[in-house]
Amino acid sequence: MDIKETKELLAAVKKLSVDVIKGLKDGVQFDDINILIGNIDSIKVAIEGIGQVDDEIKDLDLNEVKELVGEAIDLITAVLAAVKSDLPASVVE
């Protein structure tokens, strides 16, 4: 078994999280719905395979664990970068 569905889920979470963080920096606006619309394809792909994620996680080998850890680190790094972007220096420090 591979980890395709788990990676797709992480990718969707990463993209949606970063887009939501960046989109809401100016406050909640009516047109923020475009964030969801712009992510609909990645959300759809992730949801379609979400039922297989549990089995993929149960069947991980060491290389797959390393790969998923790398994906998780990339996700966290991207979210932190989005949070820090366009904030005054005093808030980031």
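How far apart should the ends of helix 1 be, at 1.5 Å a residue, and what separation do its end C-alpha atoms show? Helix 1 has 20 residues, so the expected span is 28 Å, and the end C-alpha atoms are indeed 28 Å apart. I should say at the outset that this is a predicted model.

Let me stay with helix 1, residues 4-23. Its buried residues are Glu5, Thr6, Ala12, Val18 and Gly23. The cover over these residues includes helix 2 (33-38), helix 3 (40-48), helix 4 and helix 5.

I turn now to helix 5, residues 62-84. The same check applies here: its 23 residues should span 33 Å at 1.5 Å a residue, and the distance of 33 Å between its end C-alpha atoms agrees with that. At the N-terminal end, Asp61 acts as a cap, with a side-chain oxygen 3.1 Å from the backbone nitrogen of Asn63. Beyond the other end comes Asp86, which has a positive phi, near 60°. The buried residues of helix 5 are Glu64, Leu68, Leu75, Ala78, Val79 and Ala82, and they pack against helix 1 and helix 4 (50-58).

How, then, do helix 1 and helix 5 pack against each other? A helix pair is described by the angle between the axes and the distance between them. Here the angle is about 5° and the axes lie 9 Å apart. Angles under 35 degrees count as roughly parallel, and helix 1 is therefore roughly parallel to helix 5. On the helix 1 side, the contact is made by Thr6, Lys7, Leu10, Val13, Lys14, Ser17, Val18, Ile21 and Lys22. Helix 5 contributes Glu67, Leu68, Glu71, Asp74, Leu75, Ala78, Val79, Ala82 and Val83. By class, this contact comprises ten nonpolar, two polar and six charged residues. As for the spacing within such lists, an α-helix has 3.6 residues a turn, so residues three or four places apart point the same way.

I close with two individual residues. Leu62, in helix 5, has a relative accessible area of 59%, and it is classed as exposed because the cut-off is over 50%. From Leu62 to Asp32 the C-alpha distance is 40 Å, with their positions 30 residues apart in sequence. Gln52 belongs to helix 4, and at a relative accessible area of 44% it is partly exposed. The C-alpha atoms of Gln52 and Lys15 are 20 Å apart, for a separation of 37 residues along the chain.

Notes: Residues are numbered from 1 along each chain as its sequence is written. This is a predicted model: local features need pLDDT of at least 70, side-chain atom pairs count only at pLDDT 80 or more; totals for chains, interfaces and linings use all residues. Side-chain values use heavy atoms; hydrogens and water are left out. Axes are lines fitted to C-alpha atoms, for helices over the stretch in contact, and angles run from 0 to 180 degrees between N-to-C directions. Helices (H or I, at least four residues) and strands (E, at least two) are DSSP runs, numbered from the N terminus. Angles under 35 degrees count as roughly parallel, over 145 as roughly antiparallel, 65 to 115 as roughly perpendicular and the rest as oblique. Contact means heavy atoms within 4.5 Å. Ala, Val, Leu, Ile, Met, Phe, Trp, Tyr, Cys and Pro count as nonpolar, Asp, Glu, Lys and Arg as charged, and the others, Gly among them, as polar. The expected span of a helix is 1.5 Å times one less than its number of residues. Buried means under 20% relative accessible area, exposed over 50%, partly exposed in between (1.4 Å probe, protein chains only). A polar contact is a pair of N or O atoms within 3.5 Å; within protein, one must be able to donate a hydrogen and the other to accept it, and residues adjacent in sequence count only if both atoms are side-chain atoms.
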